[in-house]
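User: Please examine the structure shown below and justify each classification against its criterion.

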Amino acid sequence: MSILIGRHIKAVLGADSTVRRELGERVYPVGAVRGVPKFPMLVYTNTGLSPEYTKDGNASETATVQLILLHPVYDLAITLMQHIRYLFEGKAAKYNEFEVDDCELSGYSEDYDPDLDKYVISITLTFNTIDK
């Protein structure tokens, strides 16, 4: 159930010691909590859902998730995002409501936000999921 993919993102990032050390609790679904301008931070958003139907109903779904890292140091930002990429890419997981069969990197971008004085590193991941 790709609508629940945020549970997978939160579980994987929360279980990783590097992510916890570098970001602490500053990992947010959809948007950062107001009044928390501490950096670095990561925001993840489910940006798309594509179900695959068969005669028997919904066979699988593909969820597209964007992860955006805002960081004051470029080299640290790209190193951390590369680490985060490999936490998901090619990995499967099982949950009570759904399974993640695979994950692929489908996009990458870099930017600089002069208002925040932070580097903005973004990856897009595509997850294949199956309802249980």
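**Classifications and their grounds**

Analyst: The model is predicted. Its protein chain has three helices and six strands, arranged from the N terminus as α-α-β-β-β-α-β-β-β.

User: What makes the protein chain as compact as a globular protein of that length?

Analyst: The radius of gyration is 15 Å, and the globule rule gives 14 Å for 132 residues; the two values are close, so the protein chain is as compact as a globular protein of that length. Along the principal axes, the C-alpha atoms fill a box of roughly 50 × 30 × 25 Å.

User: What share of the residues counts as buried, and what share of the contacts joins residues 24 or more positions apart?

Analyst: Of the 132 residues, 34% count as buried, the criterion being a relative accessible area under 20%. Among contacts with a separation of 6 or more, 58% are between residues 24 or more positions apart. The protein chain exposes about 7500 Å², of which carbon and sulfur atoms supply 52%.

User: Why is the pair Arg7 and Glu97 called a salt bridge?

Analyst: The N to O distance between the side chains of Arg7 and Glu97 is 3.0 Å. The criterion requires a side-chain nitrogen of Lys or Arg within 4 Å of a carboxyl oxygen of Asp or Glu, so the pair qualifies.

User: Which parts of the protein chain does the pair Arg7 and Glu97 tie together?

Analyst: Arg7 belongs to helix H1 (residues 5-15), and Glu97 to the loop between strand E4 (93-94) and strand E5 (98-113); the pair therefore ties together parts that are 90 residues apart in sequence.

User: How do you know whether Arg7 and Glu97 are buried, partly exposed or exposed?

Analyst: The relative accessible area is 44% for Arg7 and 34% for Glu97. Partly exposed covers the range between under 20% and over 50%, so both residues are partly exposed.

User: How many salt bridges does the rule give, and what are the grounds for the pairs Arg21 with Glu22 and Arg85 with Glu89?

Analyst: The count comes to three salt bridges. The closest N and O atoms of Glu22 and Arg21 are 3.5 Å apart, and those of Arg85 and Glu89 are 2.8 Å apart. Each distance is within 4 Å, so each pair satisfies the criterion.

User: Why does Arg21 count as exposed but Glu22 as partly exposed?

Analyst: Arg21 has a relative accessible area of 59%, which is over 50%, so Arg21 is exposed. Glu22, at 30%, lies between the two cut-offs and is therefore partly exposed. Glu89, at 23%, is also partly exposed.

How values were computed
Residues are numbered from 1 along each chain as its sequence is written. This is a predicted model: local features need pLDDT of at least 70, side-chain atom pairs count only at pLDDT 80 or more; totals for chains, interfaces and linings use all residues. Side-chain values use heavy atoms; hydrogens and water are left out. Helices (H or I, at least four residues) and strands (E, at least two) are DSSP runs, numbered from the N terminus. The radius of gyration is taken over C-alpha atoms; the globule rule is 2.2 Å times the number of residues to the power 0.38. Buried means under 20% relative accessible area, exposed over 50%, partly exposed in between (1.4 Å probe, protein chains only). Contact means heavy atoms within 4.5 Å. Accessible areas come from the Shrake-Rupley method with a 1.4 Å probe; for residues, only the protein chains shown count as cover.
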